[in-house]
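Dear colleague,

I am handing over the structure we spoke about, and it is shown just below. After it I set out what was found, going from one residue outwards to the helices and then to the contact between the chains.

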Amino acid sequence: MITVENLTKRYGPHPAVDDVSFQCDPGTVTGFLGPNGAGKSTTMRMICGLTAPTAGRATVSGRPYRELPNPGREVGVLLDASAQHAGRTGREALTLSAYTMGLDRREVAAKLDLVGLNAVAAKRRVRAYSLGMRQRLGLAQAMLGDPRVLILDEPANGLDPEGIFWMRGLLRDFADRGGTVLLSSHLLREVEAVADRLVVIGGGRIVAQGDKNELLAGGGTVVRARDDAALRQALKVAGLTAADSADACWCRPTPRQSARRRPMPASRSPSCVRLAAAASNSSSSP
Amino acid sequence: MTTTAPAASAVAPRHQSPVRRPSLLRLTAVELRKLVDTRAGRWLLITIGLVVVAVVTLLLIYAEDAEQTFFTFFVTSLLPVNVLLPVLGILSITSEWSQRTALSTYALVPRRERVVTAKLLAVVLAALASVLVTLAVAAVGTLVASATGGAGTWQVDATLIVNGAIVQVAGVLMGAAFGLLLLNPPLAIVGYLLLPTLWSVLGELVRPLRGPAAWLDTSRTMEPLFTSHVTAGQWGRLAVSLLVWMVLPLAAGLVRTLRREVS
């Protein structure tokens, strides 16, 4: 389980991640969606204790990451597949991790096998790996300690369509066996096929989160304002029905359209509209 | 939404095998392995060994017969190794950042001070091993010398060997300290080689600096260690110079490493 509470990271006056909260439950795959630079990677690094948050906290399996005694056995992390020593072989990279975690050497061969890196590939230096092979190696490293939680930042990058299909199966199976997966991407299509829940981030803030089918149904619109009460009043006056989500309102044009299970083409996915300006006139928050 | 609490407890019992944090011994072994598991690292170590062999060979060929002693072989080999060991210290620390392996290293061991401690232990062990290699090669050189007409005497003070080990350990730790502080291989190597040298030159040239230089220039404060008698005053000067060039950058570098964002 991953719990993120009011996580905020500021670089100077600029907030890269602004008051982000969400939760990933065992048995589910959570898709973490947003454009480049939206704050996905920064959020994931904060969860993993690699970046100190300005405010807020995150826990994995109920504990702050830095307090996990042997994190690799609890949570598998793949934040950047290119972050490998170019001069080490794939097998050596895994062996170092396995030894750090106190695992049997046989785990290395088993996980190389699992991600489809054969003996020849394992003996080559990472310098000679394609991005797809690096992603596979990174995935093997993340799964090495048989963790219960996976945190993967854009793992589909560089994988061929077959590789993407294979990875979806792997993650689905992991979640179905009770694991927790947090998976980021900037493409809805990529996570749509495997995720149960979606957390959508834009400009460092959560703009929508919830069950995938609910979010992708209806073709509604997310609206957010500094003054929630004023926004709700404005929506009411306009005759729109609105439901609350994380820190925004979730508007549906008509209740009729709630044919939820119908798969939606990506072009009709929820668009994000900010009505901050409209509502800020009546804003009275401190 | 599904209920969360029962689901969480349903998975929890699966987590029964005791998961202990990796011991410092294990982390040190990992760091030792990292010193040799790349071509660059392996060749740096091999070069250190070859330099000792080269020095002793040159002495066997060119030194006066009377100077072909265990003492000379050992002490003369210490110096070139003392130039290379800091590079080992620097690379051990900085390659994590230049090769970006810090990401997985610190994800597996989020207590970064433990990784840094293990790295320091590993390079200190490497420095001590280099002293053993130097002793061994010097011994072979002495045997060859006695067979080829050199003096081949074995007389050497035990304190000299201890002092030699101190010089090498201090050297590798100074390198590691610069690595921790600058976190960038070329910058740290240039900084390590340039700053103390610059300081030595300034100490010679600028009259008012001559006094402080005697306390702060490591090449001068370490000189007495190559003899077997070091006075209390000389130890004092050595301690002060190491405080400035080793302890301070280590402390500042540790703080920097602990705070730095890993990406």
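A word on terms before anything else: helices here are DSSP runs of H or I with at least four residues, numbered from the N terminus. Please also keep in mind that this is a predicted model.

With that naming, B:Val109 sits in the loop of chain B that links helix H5 (102–108) to helix H6 (112–147). Is this loop residue buried or exposed? The cut-off for buried is 20 or more other C-beta atoms within 10 Å, and B:Val109 counts as buried because it has 22 C-beta neighbours inside 10 Å. Leaving aside residues up to four places away in sequence, B:Val109 touches B:Pro22, B:Leu27, B:Arg114 and B:Val115 in its own chain, and A:Thr100 in the other. B:Arg21 is 88 residues away from B:Val109 in sequence, yet the two C-alpha atoms are 8.6 Å apart in space.

The helix that follows this loop, H6(B), has 36 residues, which at 1.5 Å a residue should span 52 Å, and this agrees with the 53 Å between its end C-alpha atoms. Just after H6(B), B:Gly149 takes a positive phi of about 100 degrees.

H6(B) packs against helix H7 (residues 158–182) of chain B at an angle of about 145 degrees, the axes being 9 Å apart, and the crossing is right-handed. On the H6(B) side the residues that meet H7(B) include B:Leu120, B:Val124 and B:Leu128, while those on the H7(B) side include B:Gly164, B:Val169 and B:Leu173. Sorted by class, this contact has 14 nonpolar, 3 polar and 1 charged residues.

An unreviewed UniProt entry lists several stretches of chain B as "transmembrane region", among them 120–140, 160–182 and 189–206. In the model, residues 160–182 of chain B are 100% helix and 0% strand, with end C-alpha atoms 33 Å apart, and residues 189–206 of chain B are 94% helix and 0% strand, with end C-alpha atoms 26 Å apart.

Finally, as to the two chains, 37 residues of chain A are in contact with 35 residues of chain B. On the chain A side, helix H2 (71–74) and helix H3 (90–101) each supply at least two residues, and H3(A) gives the largest share, 6 residues. By class, that side of chain A has 14 nonpolar, 13 polar and 10 charged residues.

With best wishes

Notes:
Residues are numbered from 1 along each chain as its sequence is written. Chains are lettered from A and ligands numbered from 1 in the order in which they are written. This is a predicted model: local features need pLDDT of at least 70, side-chain atom pairs count only at pLDDT 80 or more; totals for chains, interfaces and linings use all residues. Two residues are in contact if their C-beta atoms, placed from the backbone, lie within 7 Å. Ala, Val, Leu, Ile, Met, Phe, Trp, Tyr, Cys and Pro count as nonpolar, Asp, Glu, Lys and Arg as charged, and the others, Gly among them, as polar. A residue is buried if 20 or more other C-beta atoms lie within 10 Å of its own, exposed if 12 or fewer, and partly exposed in between; C-beta atoms are placed from the backbone. UniProt positions are given in the numbering used here, feature names are shortened, and annotations may be inferred rather than shown by experiment. The expected span of a helix is 1.5 Å times one less than its number of residues. Axes are lines fitted to C-alpha atoms, for helices over the stretch in contact, and angles run from 0 to 180 degrees between N-to-C directions. A crossing is left-handed if the near helix is turned anticlockwise from the far one by less than a right angle, and right-handed if clockwise.
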